[in-house]
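Trainee: I have a model open and want to talk it through. Where should we begin?
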Amino acid sequence: MTGAASGDDGLFAVERERTEIAPGAVHVPGWLSVERQRELVAACREWARGPVPMRHTVLPGGGVMSVRTVCLGWHWQPYRYARTAGDVNGAPVAPFPDWLADLGREALVAAYGRTGGYAPDTALINFYDGAARMGMHQDKEERSGAPVVSLSIGDSCVFRFGNTGSRGRPYRDVELVSGDLFVFGGPSRFAYHGVPRILPGTADPAVGLESGRLNITLRETGLSGSSR
Ligand SMILES: O=C(O)CCC(=O)C(=O)O
């Protein structure tokens with residue numbers, strides 16, 4: 001579903017239509033209905049409780065990520081996936097539900113017009129308060145070149161989508177609004193990307209999130225067995 005209105009919020013020339021940001025990287029504004037966003041928010045609240053609670057990830061150098069994260073299917077920790085959360089409480093990660101894989105396939109149809117046999121087996125659910133950020137990085141712990149499906153709910157953000165060679169320019173800043181879908185695959189699958197800014201107070205209370213931003217990324221790990 002597309003069709004949100006065009007506009008200008010003073011920061012960006014906002015094109016609220018399906019837009020290919022780079023080859024294989026597609027932004028589909030307003031893809032999730034408010035009802036679906038509410039359902040996802042409710043599901044995220046459950047997942048945040050555990051068995052592995054949502055937490056700030058600690059980086060190998062001792063830095064602490066400002067976003068809080070919980071995973072499904074496979075637990076991501078810097079910089080690998082495992083079936084148990086060795087860096088949190090040692091518990092097995094919550095299962096990745098079939099309905100979320102179905103949603104991922106619907107997302108690929110919206111972005112590319114086809115699913116290509118997409119079979120995501122992990123989700124990273126990030127919660128950003130108004131001060132949280134995510135630095136430029138590549139999603140590269142997966143052993144699969146399948147696309148990443150990204151769903152945004154709550155406060156809008158500035159999403160920076162760059163190139164595959166470095167964290168620097170060229171990149172494009174895209175405003176991701178509640179309900180937006182962003183898919184990156186093909187030549188953009190390993191592009192650097194990040195979230196330099198949240199726009200607090202922009203969420204629609206109807207989605208069930210009073211403040212902050214949820215981002216859900218679906219991925220194919222290409223892994224099997226218990227851990228790698
Ligand atoms: O929050 C976002 O839109 C991006 C999240 C992200 O880059 C990640 O989880 O690796």
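Mentor: With the core, and keep in mind that this is a predicted model. The largest nonpolar core has 55 residues. Those with the most contacts inside that core are C71, A123, I125, L181 and V183.

Trainee: Which helix gives the largest share of this core?
Mentor: Helix α2, residues 98-112, with 5 residues. As background, nonpolar side chains in soluble globular proteins tend to be buried together.

Trainee: What is I125 in contact with, leaving aside its neighbours within four places in sequence?
Mentor: I125 is in contact with C44, W47, T69, V70, L214 and I216.

Trainee: L181 and V183 were on your list too. Which strand are they in?
Mentor: L181 and V183 are in β14, residues 181-184. Both faces of that strand are covered. L181 and V183 are buried on one side, and F182 and F184 are buried on the other.

Trainee: How many bridges join β4 to β14?
Mentor: There are 4, and the two strands run antiparallel. Strand β4 covers residues 25-28. V26 has V183 as its bridge partner in β14.

Trainee: And β11, in what sense does that pair with β14?
Mentor: Antiparallel, over 4 bridges. Strand β11 spans residues 148-154, and the partner of its L151 in β14 is L181.

Trainee: Zooming out, how many helices and strands are there in the chain?
Mentor: The chain has 2 helices and 16 strands. Its radius of gyration is 16 Å, close to the 17 Å that the globule rule gives for 228 residues, so the chain is as compact as a globular protein of that length. Along the principal axes, the C-alpha atoms fill a box of roughly 45 × 35 × 35 Å.

Trainee: What percentage of the residues are buried?
Mentor: Buried residues are 38% of the 228. On contacts, take those between residues at least 6 apart in sequence: 72% of them join residues at least 24 apart.

Trainee: Give me a concrete pair. How far apart in space are L218 and S150?
Mentor: They are 6.5 Å apart, C-alpha to C-alpha, with their positions 68 residues apart in sequence. L218 lies in strand β16.

Trainee: Is L218 buried or exposed?
Mentor: Buried: it has 27 other C-beta atoms within 10 Å, and the cut-off for buried is 20 or more. Not counting residues up to four places away in sequence, L218 touches L100, G104, P120, A123 and V149.

Trainee: Now Y118. Where is it?
Mentor: Y118 is in the loop between α2 and β9. Y118 is buried because 21 other C-beta atoms lie within 10 Å, and 20 are enough by the cut-off.

Trainee: Which residues is Y118 in contact with, again ignoring neighbours within four places?
Mentor: G104, R105, L108 and A146. Y118 and E220 are 102 residues apart in sequence, and their C-alpha atoms are 7.9 Å apart in space.

Trainee: Change of topic: the ligand. Which residues surround it?
Mentor: The ligand is surrounded by L124, N126, M134, D139, S150, F159, H193, V195, N215 and T217. The elements that give two or more residues to this shell are β9 (122-128), β15 (193-199) and β16 (213-219).

Trainee: What does the shell look like by class?
Mentor: There are 4 nonpolar, 5 polar and 1 charged residues.

Trainee: M134 and V195 are both in that shell. In β15, which residue is the bridge partner of M134?
Mentor: V195. Strand β10, residues 134-137, is joined to β15 by 2 bridges, and those strands run antiparallel.

Trainee: Which other pairing of β15 can you give me, say with β12?
Mentor: β12 and β15 pair antiparallel over 5 bridges. S156 stands opposite L199 in β15.

Trainee: Last item, peptide bonds. What is the one from P78 to Y79?
Mentor: The P78 to Y79 bond is cis, with omega near 0°. Y79 sits in the loop between β7 (75-77) and β8 (80-82). The bond from R169 to P170 is also cis, with omega near 5°. P170 is in the loop between β12 (156-161) and β13 (172-176).

Trainee: What are most peptide bonds, cis or trans?
Mentor: Most peptide bonds are trans.

How values were computed
Residues are numbered from 1 along each chain as its sequence is written. This is a predicted model: local features need pLDDT of at least 70, side-chain atom pairs count only at pLDDT 80 or more; totals for chains, interfaces and linings use all residues. A residue is near a molecule or strand if its C-beta atom, placed from the backbone, lies within 6 Å of it. Ala, Val, Leu, Ile, Met, Phe, Trp, Tyr, Cys and Pro count as nonpolar, Asp, Glu, Lys and Arg as charged, and the others, Gly among them, as polar. The radius of gyration is taken over C-alpha atoms; the globule rule is 2.2 Å times the number of residues to the power 0.38. A residue is buried if 20 or more other C-beta atoms lie within 10 Å of its own, exposed if 12 or fewer, and partly exposed in between; C-beta atoms are placed from the backbone. Two residues are in contact if their C-beta atoms, placed from the backbone, lie within 7 Å. A nonpolar core is a set of buried Ala, Val, Leu, Ile, Met, Phe, Trp, Tyr and Cys residues joined through C-beta atoms within 7 Å. Two strands pair if DSSP finds at least two bridges between them.
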